[in-house]
Amino acid sequence: MTTQQLIEQIQQKKSFLCIGLDVDLTKIPTHLLGLEDPIFEFNKAIIDATHDLCVSYKPNVAFYEAYGIKGWQSLQKTINYITQNYPEIFTIADAKRGDIGNTSSMYAKAFFEDLNFDSVTVAPYMGKDSVEPFLAFENKHTIMLALTSNEGAFDFQTKNVEGKELYKVVIETSKSWRNAENLMYVVGATKAEYFTEIRKIIPNSFLLVPGVGAQGGSLQEVCQYGMSETVGLLINSSRGIIYASHGVDFAEKAREEALKMQVEMDAILNNL
């Protein structure tokens, strides 16, 4: 998917919502557990109920790898279902990969060619040769961790390096990498005050923003400081939507929560 196609979806749906498919068998409705593939059936119901309200789905790969080969098969069935039934949806493999060049090339091949995701999250700690193999894929996007929403982010990301915070050095450096136009960045919503500084460095790049809702981030603040001319934001919500109910009405309740966010996003877009 091209960036322009993603922008068009945001304009058509009046939404920049990304729904995280972080499926935990201990949290999904118990009536699904007797099915052959409860993870996929849960995802399928959530997707069917919310696809018109969001522009992206983001399975966190760890939640599938934890269940071995069956979990990986559930992930593959999920991405295939989205691609075949809702091809306009932007898909994100939340894998946070990042290794030496040859290894990163294989990770990229796995997510972009085998699973056919539109994008994958990566960790930039090992530098450009661990990220550029992902960037080499045409019409695929690499979403690099820049400033995360967890408590430990302050251990390294905001430390001064020669008078500048490390996250700024990382973002600025990444702009010089080959095919950097395919980069997006992860910026946590709980760090809304940093968005102004980040937009000075990358004014037009898309930002994947976790942390709104359950983690306490404010959608209004993120949009105030982080929105670009083409919106440039994908606001992720996982638990607040997919676990809105643990009963047989789980998909219906997920839609209700997704609709609340879409309505709020629509109002923000109308005020631009």
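The largest nonpolar core here has 90 residues, and those with the most contacts inside it are L6, F16, I19, F42, L233, L234 and I235. Helix α12 supplies the largest share of this core, with 8 residues. Bear in mind that this is a predicted model.

F42, one of those well-connected core residues, is a handy place to start looking around. Leaving aside residues up to four places away in sequence, F42 touches V23, I28, P29, L32, I242, Y243 and F250.

**The barrel**

Now for the overall layout. In the order β1-β2-β3-β4-β5-β8-β9-β10, 8 strands close into a barrel, and the pairing is parallel. On average, neighbouring strands of this sheet are turned by 30 degrees against each other, direction ignored. Helix α5 (residues 101-114) packs on the sheet, where it touches β3 (90-97), β4 (119-122) and β5 (141-147), and its direction makes about 155 degrees with that of β3. Helix α8 (residues 166-174) packs on the sheet too, touching β5 and β8 (183-187); the direction of α8 makes about 155 degrees with that of β5.

Here are some of the strand pairs, with one or more pairs of facing residues where available.

| Strand pair | Sense | Bridges | Facing residues |
|---|---|---|---|
| β1 and β2 | parallel | 4 bridges | C18 and S56 |
| β1 and β10 | parallel | 3 bridges | C18 and N236 |
| β5 and β8 | parallel | 5 bridges | M144 and Y185 |
| β8 and β9 | parallel | 2 bridges | V186 and L208 |

**Two covered strands**

How many residues of β1 are buried? The count is 5 of its 5 residues. Both faces of the strand are covered: L17, I19 and L21 are buried on one side, and C18 and G20 are buried on the other. β1 covers residues 17-21 and pairs with β2 at residues 56-59. C18 stands opposite S56 in β2 and also opposite N236 in β10. I19, meanwhile, stands opposite Y57 in β2.

β8 tells a similar story in its own terms, with 5 of its 5 residues buried. L183, Y185 and V187 point one way from this strand, M184 and V186 point the other way, and all are buried. Y185 is the bridge partner of M144, while V186 has L208 in β9 as its bridge partner.

Over in strand β10 you'll find S237. Is S237 buried or exposed? S237 is buried, with a relative accessible area of 7%. Not counting residues up to four places away in sequence, S237 touches L17, C18, I19, G20 and M261. L17, C18, I19 and G20 are among the buried residues of β1, and β1 is joined to β10 by 3 bridges.

**Helix α10**

Next up is α10, which spans residues 219-226 and has L219, V222, C223 and G226 buried. These residues cover an arc of only 95 degrees around the axis, so they sit on the same side of α10. In general, an α-helix has 3.6 residues a turn, so residues three or four places apart point the same way. What do the buried residues of α10 pack against? Their packing partners are α9 (195-201), β9 (207-209), β10 (233-237) and α12 (250-270). There's also a polar detail at the start of α10, where a side-chain oxygen of S218 comes to within 3.4 Å of the backbone nitrogen of Q220.

**Two positive phi values**

If you scan the backbone torsions, a couple of residues are worth a look. N116 has a phi near 65 degrees, which is positive in a residue other than glycine. N116 is found in the loop between α5 and β4, and with a relative accessible area of 36% it is partly exposed.

E162 isn't a glycine either, and has a positive phi of about 55 degrees. Where is E162 found? E162 is in the loop between β6 (160-161) and β7 (164-165). At 83% relative accessibility, E162 counts as exposed.

Key:
Residues are numbered from 1 along each chain as its sequence is written. This is a predicted model: local features need pLDDT of at least 70, side-chain atom pairs count only at pLDDT 80 or more; totals for chains, interfaces and linings use all residues. Side-chain values use heavy atoms; hydrogens and water are left out. Buried means under 20% relative accessible area, exposed over 50%, partly exposed in between (1.4 Å probe, protein chains only). The arc is that of the directions from the helix axis to the C-beta atoms. Contact means heavy atoms within 4.5 Å. A polar contact is a pair of N or O atoms within 3.5 Å; within protein, one must be able to donate a hydrogen and the other to accept it, and residues adjacent in sequence count only if both atoms are side-chain atoms. Two strands pair if DSSP finds at least two bridges between them. Axes are lines fitted to C-alpha atoms, for helices over the stretch in contact, and angles run from 0 to 180 degrees between N-to-C directions. A nonpolar core is a set of buried Ala, Val, Leu, Ile, Met, Phe, Trp, Tyr and Cys residues joined through side-chain atoms within 4.5 Å.
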